[in-house]
Amino acid sequence: MKNQNYKFTVILLFLSFSSIAIDAKIILPTLITDGMVLQRNQNVTIWGSADSGEKVNLKFLNKKYQTVANNSGNWKIKLAPMKAGGPFEMVINDIAIKNILIGDVWIASGQSNMELPMRRLTPLYENEIKNANNQNIRFFTVPQKYNFKAPQTELDGGKWEATNPETILNFSGVAYFFAKEISKKNNVPIGIIHTSLGGSPVQAWMNENSLKNYPEYLQEAKKWQDDNLIKSTEATEAALSNAWYAELDQSDIGLNQQWQSFDLEDSDWKTMQIPGSWEDKEGEFDGSVWFRKEIILPKDADKKAAFLNLGRIKDADITYINGTKVGNVTYEYPPRWYDIPTGVLKEGKNIITVRVSNGSGKGQFIADKPYYLEIDGQKIDLKGEWQYKIGAKMKKMAPGQTFIRWKPTGLYNAMIHPLIHYNVKGALWYQGESNTGKPKEYGNLLTQMILDWRNKWNQKEMPFLIVQLANFMEPRKLPLESNWAELRDQQRLVSKNVPNVGLAVSIDLGEWNDIHPLNKKSVGDRLALQAEKIAYQKNVIADGPIYESMKIEGNKIILSFKKGTDNLQPTNYLKGFAIKGKDGKYEWAKSKIEGNKVVIWNDNIKEPIAVRYDWADNPDGNLKNKSGLPSSSFTTEN
C-alpha cells in the first residue's frame, strides 16, 4: 500500500512539473493579451518567447501559422493583412486570447498634457464620463518606468481596457477625444497605447543613436547607468526633503495649537483677499500660512454631502471643515476638488480652514480659478476676504530634486522600445513645455526622434501628429522675445519640413494661469483633423492659415498663405502682428485682410524687413480661416 501511494505521489509530481513546463513554453508580451486591438491592413507581428526549438502554432481568422523558436527562444509570426472588425479569438498553442478587435492603433506620448487623465477634466466633461460605454475605443497604458542601461524588450505591466465610466477616468483626455472622433468618422475600432510622463523633455524619449549629435545628453544618460548613484541621490534628496518638512511642521505653531479647530480664537488674525498672495502683504518667505473663512449654511446642511473647489494653490495644502480634514494636495498643479461627506457640514456657522505650505517661489491662491462650496445644487462663492496667520517662516527654501526619470534615453528604453514590434497606424505627440529653456535645439531633436521612431516601427512615412504648445502665462504689453514662441516655431518648422507630420495648433485653447488647460476635447478634435488629412488621406481642411511667403511694398509687408488654408476669416480688428524695422526692433503693427492676404505696417517704420505673428508666451492674435481654425504663431525670418 505504501508502495502504491509512493508511485501515485511520483506520478502527481511528474504531471505537475509537466504542466508547469507546458505552461512555461510560450510566453507572450504584455501587449498581446485579451482585449487587444490589432492594426488593420498591415502584416501584423505576433511575437513571444519559448523553449529553443519549440513549435509555435497560431490560429486566427480561419488561418493557421507556424514557426519555431530560435536558439535564443524568440519567435515571430507575421499575420496577413486584415480588415477592421471583431471581436475575435486567437489561439497560440494552448493559449487563447479573447475579445480581439482589428482597427487602427495609435501611440500617444509626451508629457503631462498628454498624460492628463479624464478624471482631472471632470468639470468640463462630466456627462461624457458618465455616458462612456464604447467597446470600440480601447486603451493600453504603459507603466511609467525608466532604464538607462539598455532598451527593454518587455513592459513591466499594463492591460487593454475598453471604455466605460470607470476605466475612462484614467484615460488620457487628449487621446480619448482623438480616438472617439477617429472611430466615429471612420467606423473603425481604435486602440491607444498611451505612454507618457509629466515633466519629461524630448531627449528622455530618444535613444542613444538619435542623440549622437548631443554629447552632453549622452554623457548624462551614461552617468545615470550607475544604480548606486541613483540610490544615493534619491536617498540623500529624500532625507534633505524630509528634514525640511519635519522642521517646518515642528516650527509651525498652527499645528501645535491646532488652528484647524472649529472654535479657535482668531480675533488677532489678519485678513486678505483670496485669490491672491500673502507674500504681497508679508514679503517673500517660504514656510506655512493658515487661512480661515466662516460661512453660514441653512437647516439640514448636516444631512447633505457637498463639494469644495479651492481652485489651485501654490504649493501644498491640507484643508479642513469644522476641524475635519477633507483633503490635501502635495504640489501646485492639481486642482483642489474635495468631496465633503454627509455630517461634516452643519446648520449655521461653518469654518473652512486651509493650511498652505510653500517651499519656493511665490506662494498664492491662483487667480481666475473657481473657489466655491456647492451644496444641494447651490454654489457659495468663497472668493473675497479670508483671515490668515503665518504658521512658520523657514530660513531657507525647500531642497530641490534631481528628476532622474527625465534624464536622456531613460523613457525611450523602458516605455518606447518594448512597443516597437506592435504594429501601429501612427503617433500622437503632446510635449515641449519642458524644453522651453533651450528652444532652438528642439526642432532638430524632435526631427531625429520622429525619424528614429519611424525606423524602429519600420514605417518610413508613419503619420506623426504634434500638438503645438498652448498659450500660457501672463500677457505682455510689448513685443518681446519668448522661449514659448520660439519652441512653437520649432514645432511649426518640423511640421513643414518633415513629411507626414501634422500640427494641431492650440494657441487659443490655453489658460494663462494653468500649464494644464482643461479643454482637451478641442485638442483631440484638431489632432483628429490632422489624422484625417495625413493618415486617412481625406480632403479636409485641417489647418488654419499656414504662412508661406512675404513681399515688401513700400512701408508695408504683404503675407501670403498656403493654398487651401488661405480662405481667411474676415474680422473688424485683426491683431497679433509685430513688424521689424532696420534697427532690428519689433513694434506692434497695424494689419488688415485683403482677400487671401494680410497686409502689415507701422506708420513709424518706413523700411520694414520682417513680421512676427503671435510671438509671445500668451498671445491674443485672431488670424483664422473660415473653418474657424487658428493660424500658428510664426516669424517671416524662418
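User: Why does Asn93 count as partly exposed?

Analyst: This is a predicted model, and the values are computed from it. Asn93 has a relative accessibility of 24%. Buried means under 20%, and exposed means over 50%. The value for Asn93 falls in between, so Asn93 counts as partly exposed.

User: What is notable about phi of Asn93, and where does Asn93 lie?

Analyst: Phi is near 50 degrees, a positive value in a residue other than glycine. Asn93 is placed in the loop between β6 (85-92) and β7 (95-110).

User: Why is Gln258 called partly exposed?

Analyst: Gln258 has 45% relative accessibility. The partly exposed class lies between the 20% and 50% limits, so Gln258 belongs there. Gln258 is also a residue other than glycine with positive phi, near 55 degrees. Its place is the loop between α7 (253-256) and β11.

User: Which peptide bond next to Pro275 is cis?

Analyst: The one from Ile274 to Pro275, with omega near 5 degrees. Pro275 sits in the loop between β11 (270-274) and α8 (279-282). The bond from Lys314 to Asp315 is cis as well, with omega near 5 degrees. Asp315 is in the loop between β14 (313-314) and β15 (316-321).

User: Why are α4 and α12 called oblique to each other?

Analyst: Helix α4 (residues 173-186) and helix α12 (residues 520-534) pack at about 45 degrees. Angles under 35 degrees count as roughly parallel, and 65 to 115 as roughly perpendicular. The angle of about 45 degrees fits neither class, so α4 and α12 are oblique. Their axes are 7 Å apart. The crossing of α4 past α12 is right-handed.

User: Which residues make that contact, and how do they divide by class?

Analyst: From α4 the contributors include Val174, Phe177, Phe178 and Ile182. From α12 they include Val523, Leu527, Ala528 and Ala531. Charged residues take part too, among them Glu181 and Lys185 of α4 and Lys520 and Asp525 of α12. By class, the contact has nine nonpolar, three polar and six charged residues.

User: What makes α10 oblique to α11?

Analyst: The axes of helix α10 (residues 442-456) and helix α11 (residues 483-497) cross at roughly 40 degrees. The limit for roughly parallel is under 35 degrees, and roughly perpendicular starts at 65. Roughly 40 degrees lies between those limits, so the pair is oblique. The axes come within 8 Å. This crossing is right-handed. The contact involves Tyr442, Gly443, Leu446, Thr447 and Ile450 of α10, with Leu487, Gln490, Gln491 and Val494 of α11. Five of these residues are nonpolar, four are polar and none is charged.

User: Why is the ring pair of Tyr146 and Phe148 called tilted?

Analyst: The ring planes stand at 40 degrees. Stacked needs under 30 degrees, and edge-to-face needs over 60. The pair meets neither condition, so it is tilted. The centres are 5.2 Å apart, and the pairing limit is 6.5 Å. A search of the whole structure finds 33 aromatic pairs.

User: Are Tyr146 and Phe148 buried or partly exposed?

Analyst: Tyr146 is partly exposed, with a relative accessible area of 28%. Phe148 has 3%, under the 20% limit, so Phe148 is buried.

User: What makes the pair of Tyr176 and Phe177 edge-to-face?

Analyst: The angle between the planes is 65 degrees. The class requires over 60, so the pair qualifies. The centre-to-centre distance is 5.2 Å. Tyr176 is buried at 4% relative accessible area, and Phe177 is buried at 2%.

User: How do you know that Met114 is buried?

Analyst: Met114 has 0% relative accessibility. The limit is under 20%, so Met114 counts as buried. Met114 sits in helix α2 (residues 112-115). Beyond its sequence neighbours within four places, Met114 contacts residues including Ser172, Val174, His194, Leu428 and Trp429.

User: Why is Ile609 called partly exposed?

Analyst: Ile609 has a relative accessible area of 38%. That is between 20% and 50%, so Ile609 is partly exposed. Ile609 lies in the loop between β31 (597-601) and β32 (610-613). Residues up to four places away aside, Ile609 touches Met550, Ile552, Ile557, Lys580, Gly581 and Lys582.

Terms used
Residues are numbered from 1 along each chain as its sequence is written. This is a predicted model: local features need pLDDT of at least 70, side-chain atom pairs count only at pLDDT 80 or more; totals for chains, interfaces and linings use all residues. Side-chain values use heavy atoms; hydrogens and water are left out. Axes are lines fitted to C-alpha atoms, for helices over the stretch in contact, and angles run from 0 to 180 degrees between N-to-C directions. Helices (H or I, at least four residues) and strands (E, at least two) are DSSP runs, numbered from the N terminus. Angles under 35 degrees count as roughly parallel, over 145 as roughly antiparallel, 65 to 115 as roughly perpendicular and the rest as oblique. A crossing is left-handed if the near helix is turned anticlockwise from the far one by less than a right angle, and right-handed if clockwise. Contact means heavy atoms within 4.5 Å. Rings of Phe, Tyr and Trp (its six-membered ring) pair if their centres lie within 6.5 Å; planes under 30 degrees apart count as stacked, over 60 as edge-to-face and the rest as tilted. Buried means under 20% relative accessible area, exposed over 50%, partly exposed in between (1.4 Å probe, protein chains only).
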